Amino acid sequence: MIEPRLVLLEQDAVLALSQILGIMLDDLFDGADSSGWNSERILDLEARLMAPAEEEGVLLGIDDAALILQGMAFTEVISQDLPWIESVRWVTDFITEELRQHWTEDEWRKFT
């Protein structure tokens with residue numbers, strides 16, 4: 001875990017992020033090009049998301065946040081032709097802003 005932070009997430013956000021991680025796992029198990037995704041890492045992240053109570057927060061590293069952002073981008077791309085794409089885009093933008101705020105721009109640049 002790189003640059004860990006305790007991130008408070010509402011239960012709805014945790015459930016949405018779990019769905020995104022599930023989509024990523026499905027893609028991995030279907031044998032698609034995983035963009036470097038690792039099933040063990042995704043499962044570990046999902047376990048951490050689901051473990052704490054809402055008020056405790058979740059320990060996330062900048063690498064975890066980056067993995068979630070990759071999964072959201074992937075989900076957005078595969079949802080392009082669906083009637084609810086605008087909702088997907090709104091959620092992606094919202095969660096991106098919520099996650100990125102826990103690390104400075106310098107930390108994001110250093111990570112990438």
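## Salt bridges and the packing of helix 2

D106 and R109 are both exposed. In this predicted model, the two residues form a salt bridge in which the closest N and O atoms are 2.6 Å apart. D106 and R109 belong to helix 5, which covers residues 105–111, and they sit 3 residues apart, about one turn of the helix. Elsewhere, salt bridges that share partners join E3, R5 and E107 into one network.

**Overall fold**

The protein chain contains 5 helices and 2 strands. Read from the N terminus, its elements follow the order β-α-α-β-α-α-α. The chain is as compact as a globular protein of its length, because its radius of gyration is 14 Å and the globule rule gives a close value of 13 Å for 112 residues. The C-alpha trace spans about 35 × 30 × 30 Å along its principal axes. Of the 112 residues, 37% count as buried. Taking the contacts between residues at least 6 apart in sequence, 71% join residues at least 24 apart.

**Salt bridges**

Over the whole structure, 9 salt bridges are found. The table gives three of them, including the pair in helix 5.

| Pair | Closest N to O distance |
|---|---|
| E3 and R5 | 3.5 Å |
| R48 and D64 | 2.9 Å |
| D106 and R109 | 2.6 Å |

The three pairs can be set apart by the accessibility of their residues. E3 has a relative accessible area of 30% and is partly exposed. R5, at 22% relative accessibility, also counts as partly exposed. R48 and D64 are both buried, whereas D106 and R109 are both exposed.

R48 and D64 meet through their side chains in a salt bridge. R48 lies in helix 2 (residues 39–50) and D64 in helix 3 (residues 62–78), so this pair ties together parts that are 16 residues apart in sequence. The two side chains are also joined by a polar contact of 2.9 Å.

**R48 in its surroundings**

R48 is a residue of helix 2. Its relative accessibility is 19%, so R48 counts as buried, the cut-off being under 20%. Leaving aside residues up to four places away in sequence, R48 touches M1, V58, L59, L60 and D64. D64 in this list is the salt-bridge partner of R48.

**Helix 2**

The end C-alpha atoms of helix 2 are 16 Å apart, which agrees with the 16 Å that its 12 residues should span at 1.5 Å a residue. At the N-terminal end, N38 acts as a cap: one of its side-chain oxygens lies 2.7 Å from the backbone nitrogen of E40.

Which residues of helix 2 are buried? They are I42, L45, R48 and L49. These residues lie on the same side of helix 2, because they cover an arc of only 125° around the axis. They pack against helix 1 (11–29), strand 2 (58–60) and helix 3. For R48, the contacts with V58, L59 and L60 involve residues of strand 2 (58–60), and the salt bridge with D64 reaches helix 3. R48 is thus both one of the buried residues of helix 2 and a charged partner in a salt bridge.

Terms used:
Residues are numbered from 1 along each chain as its sequence is written. This is a predicted model: local features need pLDDT of at least 70, side-chain atom pairs count only at pLDDT 80 or more; totals for chains, interfaces and linings use all residues. Side-chain values use heavy atoms; hydrogens and water are left out. A salt bridge is a side-chain nitrogen of Lys or Arg within 4 Å of a carboxyl oxygen of Asp or Glu. Buried means under 20% relative accessible area, exposed over 50%, partly exposed in between (1.4 Å probe, protein chains only). Helices (H or I, at least four residues) and strands (E, at least two) are DSSP runs, numbered from the N terminus. A polar contact is a pair of N or O atoms within 3.5 Å; within protein, one must be able to donate a hydrogen and the other to accept it, and residues adjacent in sequence count only if both atoms are side-chain atoms. Contact means heavy atoms within 4.5 Å. The expected span of a helix is 1.5 Å times one less than its number of residues. The arc is that of the directions from the helix axis to the C-beta atoms. The radius of gyration is taken over C-alpha atoms; the globule rule is 2.2 Å times the number of residues to the power 0.38.
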